[in-house]
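Hi,

Here is the structure I promised to pass on. My notes on it come straight after, so have a look and then read on.

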Amino acid sequence: MATLVKVDKNGSKYYEGLVTCDRCGGDGIYKWGAVINGRPQYIGTCFKCEGRGKVIDKWIERTPEYQAKLDARRAKRQQAQMAEQERIRKEQEAEIARIEAERAKEQARKAISQYVGEEGQRLTMDVVLEHIGSFERSAYRGWGTETVTVYTFDANGNKLVWFTTGMGLDEKEGDSLQIAFTVKGYKEYNGEKQTTITRVKVKEVYPPVATEEEEESSSNDEEVVSESADADAKMSAFQFQWWTVEVREATGKMGWEVKAKTKENAIKAIKKRAKEHDEFVQKHRPDFQTEIYWDTLTLDRDGYQRMRCG
Ligand SMILES: [Zn+2]
């Protein structure tokens, strides 16, 4: 007793009709519980068909051509899904292999590092300035915090680490240097032997291999130099070593000193210091503004005679 409701453009026939109830099997009686002496323990009226034994159902009859088309479509979809899963699996495998290879390489690199010299020994070595980092800590004296700069050097595979709250170096990451230093102690960090050093002096800066990026950044520095052209003119007669610039903040002004051999290096160092300071301030007091007073460059001549320009 089926009624054809409609036929769509694919030739699929939509039927509606009474079919045998699949819950009770058509007798309208539902039985459950243990069967004792051929009789089920419980018997009741089937609630799906309400005892009628038939229920209204809907179904579709498709033409074999259209069914084949649907099957092909589904197969294609499943194939695409499987291909995608395979691609993701391969990508993950490649990523895991890459991480493992990197870890192995890092461990091999760390294993090379050996302790250098003896405690208290003064040494001179060729190194590459590998990394410059910094962190803030409570100042030993007075109010506020101080910045500790961490320099990491690679001395032919051996790791040297220098913590300083002082002036630091003008040199940047990747620079090849000759440094003199005093061995302070030894520690193992993340499976790597590191020699902590102190009293670092740069003896020699080896000429860098300039990249396009570096050329670009040095041309940016020149713009800053021209901002202080007037001050530059006044200092041109002296051989300065210490450089100070004042920085305006929401609460007032503060000054920084940097030690540099050239104007370019001084400005680089001040900009770097200002950037770090700004990041620190932004993190803790985003309402603060820092601004450098380039026109208040304060200079020391060879670390002795102080004079003020601008
Ligand atoms: Zn039923």
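In β10, E188 of strand β9 has K193 as its bridge partner. Strands β9 (residues 176–189) and β10 pair in the antiparallel sense, with eleven bridges between them. (Strands here are DSSP E runs of at least two residues, helices are H or I runs of at least four, and both are numbered from the N terminus; two strands count as paired if DSSP finds at least two bridges between them.) The two strands form a hairpin with two residues between them, and N190 in that turn has a positive phi of about 50 degrees.

Before I go further, the housekeeping: this is a predicted model, so local features need pLDDT of at least 70 and side-chain atom pairs count only at pLDDT 80 or more, while totals for chains, interfaces and linings use all residues. Residues are numbered from 1 along each chain as its sequence is written.

Back to β10, which covers residues 192–205. Its other partner is strand β8 (residues 158–164), and here the two run parallel, joined by four bridges. K159 stands opposite Q194 in β10, and V161 stands opposite T196. Also in β10 is R199, whose phi is near 50 degrees, a positive value in a residue other than glycine. R199 counts as exposed because it has 12 C-beta neighbours inside 10 Å. (The scale: buried means 20 or more other C-beta atoms within 10 Å of the residue's own, exposed means 12 or fewer, and partly exposed is in between, with C-beta atoms placed from the backbone.)

Going the other way from β8, seven bridges join it to β7, and that pair runs antiparallel. A155 stands opposite N158 in β8. β7 and β8 form a hairpin too, with two residues between the strands, and N156 there takes a positive phi near 50 degrees. β7 (145–155) is also joined to β6 by ten bridges, again antiparallel; one of the matched positions is S134, whose bridge partner in β7 is T149.

So what do these strands add up to? Five of them close into a barrel in the order β6-β7-β8-β10-β9, with mixed pairing. The twist averages 40 degrees from one strand to the next (axes are lines fitted to C-alpha atoms, for helices over the stretch in contact, and angles run from 0 to 180 degrees between N-to-C directions).

Next, the nonpolar cores. A core here is a set of buried Ala, Val, Leu, Ile, Met, Phe, Trp, Tyr and Cys residues joined through C-beta atoms within 7 Å. The largest has twelve residues: V116, V127, L129, Y151, F153, A155, L160, W162, L169, I179, F181 and I197. The elements giving two or more residues to this core are β6 (122–138), β7, β8 and β9, and β7 gives the most, with three. Leaving aside neighbours within four places in sequence, L169 is in contact with Y151 and V202 (contact means C-beta atoms, placed from the backbone, within 7 Å). A second, separate core has seven residues, including V245, V258, I267 and I270.

There is an open sheet as well. Three strands form it in the order β1-β2-β5, with antiparallel pairing. β1 (2–7) and β5 are the edge strands, each pairing on one side only, and the twist averages 20 degrees from one strand to the next. β1 and strand β2 (residues 13–20) share five bridges, and the bridge partner of T3 in β2 is E16.

In the loop between β4 (39–45) and β5 (54–61) sits E50. Its phi is near 55 degrees, again positive in a residue other than glycine. E50 is exposed because 11 other C-beta atoms lie within 10 Å.

Then there is helix α1 (residues 64–112). Its 49 residues should span 72 Å at 1.5 Å a residue, and the end C-alpha atoms are 71 Å apart, which agrees; the expected span is 1.5 Å times one less than the number of residues. α1 is hardly covered, with a count of zero for buried residues.

For the chain as a whole, I get four helices and 14 strands. Of its 310 residues, 12% count as buried. Among contacts between residues at least 6 apart in sequence, 58% join residues at least 24 apart.

Cheers

Note on methods
Two residues are in contact if their C-beta atoms, placed from the backbone, lie within 7 Å.
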